[in-house]
Amino acid sequence: MKEMEEKILSEGQVLPGEILKVGSFLNQNIDTAFLGRMAGEIARLFEGVPVTKILTIEASGISIAVAAGMAMGVPVLFAKKHRTSNVDGSVYATTVHSFTHNEDYRVVVSRDYLDPSDHVLLVDDFLANGKALRGLMDLCAQAGATVEGVAVAIEKCFTGAGDQLRAEGVRIESLAMIESMSDDAIVFRV
Ligand code: 5GP
C-alpha cells in the first residue's frame, strides 16, 4: 500500500532495537481516515475468502482489527494479556514473547468466542518475529478454528519470520514490507 509506505517515510521514527515508532498515525494518535483506507485495503485483499471473525491481540492490534472488521462486516475478537484465571477451564491460553518488552506473557480468549465453525483472519499492527501471530494461531488450533490468513499493517521482512510463515502455507498480506531500516533509510520490499 503506497500510502502506508509514504506515511512511514514521512512520520516513522527508527528507534534503537529495530523498533519503528508510528505513534503519530497508528499506535497512539490514530489517523482515522487513513485507518479506514487500511481497512478497505485489507477487505479488498481478502475479498471472497470466507472469513467469519477477526482475531487480534491487545492492545495495539485492536484499532486496525476493528476497522477491518467493520469493512468486512465481521466481529472482532481480541486475545487479552491480563492474568485471567483458568481454574474453570473457560479460556484458551498460550504464551507469547513480547518483541517490544522482551518478556513472556500469557494471552487468553474465552472459549465462548472461538469455536470450530470460525474461519479466522488474524490482524495485527506489526509482524516482527511472528511470536504474536503464532500465539494467535495456537489459540485458533486449540479452538479447532480455521486460520484463513493474516493481515498486518507493517511487516519487518528482515526478521525472516513472515517468509517462514508463508513457507508453512500461511497467507500473509502486509500493507508495508520493510526490507531494512536504519536511522537514515527505510527500504521497502518491491
Ligand atoms: P512479533 O510477535 O511478530 O515479534 O512482534 C509483533 C508485536 O510486537 C506487535 O503486536 C507489535 O505490537 C510489536 N512490535 C514489533 N515490532 C514493532 C515495532 O517496530 N514497532 C512497534 N510500535 N511495535 C512493534
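Colleague: In this predicted model, how far is an oxygen atom of the ligand from an N or O atom in the side chain of Lys156?

Modeller: A polar contact needs a pair of N or O atoms within 3.5 Å. The side chain of Lys156 offers such an atom to an oxygen atom of the ligand. Their separation is 2.7 Å.

Colleague: How much of the ligand's accessible area does the protein cover?

Modeller: Take the ligand on its own first. Its accessible area is then 510 Å². The share covered by the protein is 90%.

Colleague: Which residue has a backbone N or O atom 2.8 Å from an oxygen atom of the ligand?

Modeller: Set side chains apart from backbone here. Ser60 uses a side-chain N or O atom, 3.0 Å from an oxygen atom of the ligand. The backbone atom at 2.8 Å belongs to Ala128.

Colleague: Which element supplies the largest share of the shell around the ligand?

Modeller: The ligand has 17 residues around it. β2 (19-21), β7 (119-127) and α5 (131-143) each give at least two residues to that shell. The largest share is four residues, and it comes from β7.

Colleague: How do the residues of the shell divide into nonpolar, polar and charged?

Modeller: Leu20, Asn129, Gly130, Ala132 and Lys156 come nearest to the ligand. Now sort the whole shell by type. The split is seven nonpolar, five polar and five charged.

Colleague: Which residue forms a salt bridge with Asp31?

Modeller: Side chains of opposite charge can pair when their charged atoms come close. For Asp31, the closest N and O atoms of the pair are 2.7 Å apart. Asp31 is in the loop between α2 (23-27) and α3 (32-45), and its partner is 24 residues apart, in helix α1 (residues 2-11). That partner is Lys7.

Notes. Residues are numbered from 1 along each chain as its sequence is written. This is a predicted model: local features need pLDDT of at least 70, side-chain atom pairs count only at pLDDT 80 or more; totals for chains, interfaces and linings use all residues. Side-chain values use heavy atoms; hydrogens and water are left out. A residue is near a molecule or strand if one of its heavy atoms lies within 4 Å of it. A polar contact is a pair of N or O atoms within 3.5 Å; within protein, one must be able to donate a hydrogen and the other to accept it, and residues adjacent in sequence count only if both atoms are side-chain atoms. Accessible areas come from the Shrake-Rupley method with a 1.4 Å probe; for residues, only the protein chains shown count as cover. Ala, Val, Leu, Ile, Met, Phe, Trp, Tyr, Cys and Pro count as nonpolar, Asp, Glu, Lys and Arg as charged, and the others, Gly among them, as polar. A salt bridge is a side-chain nitrogen of Lys or Arg within 4 Å of a carboxyl oxygen of Asp or Glu.
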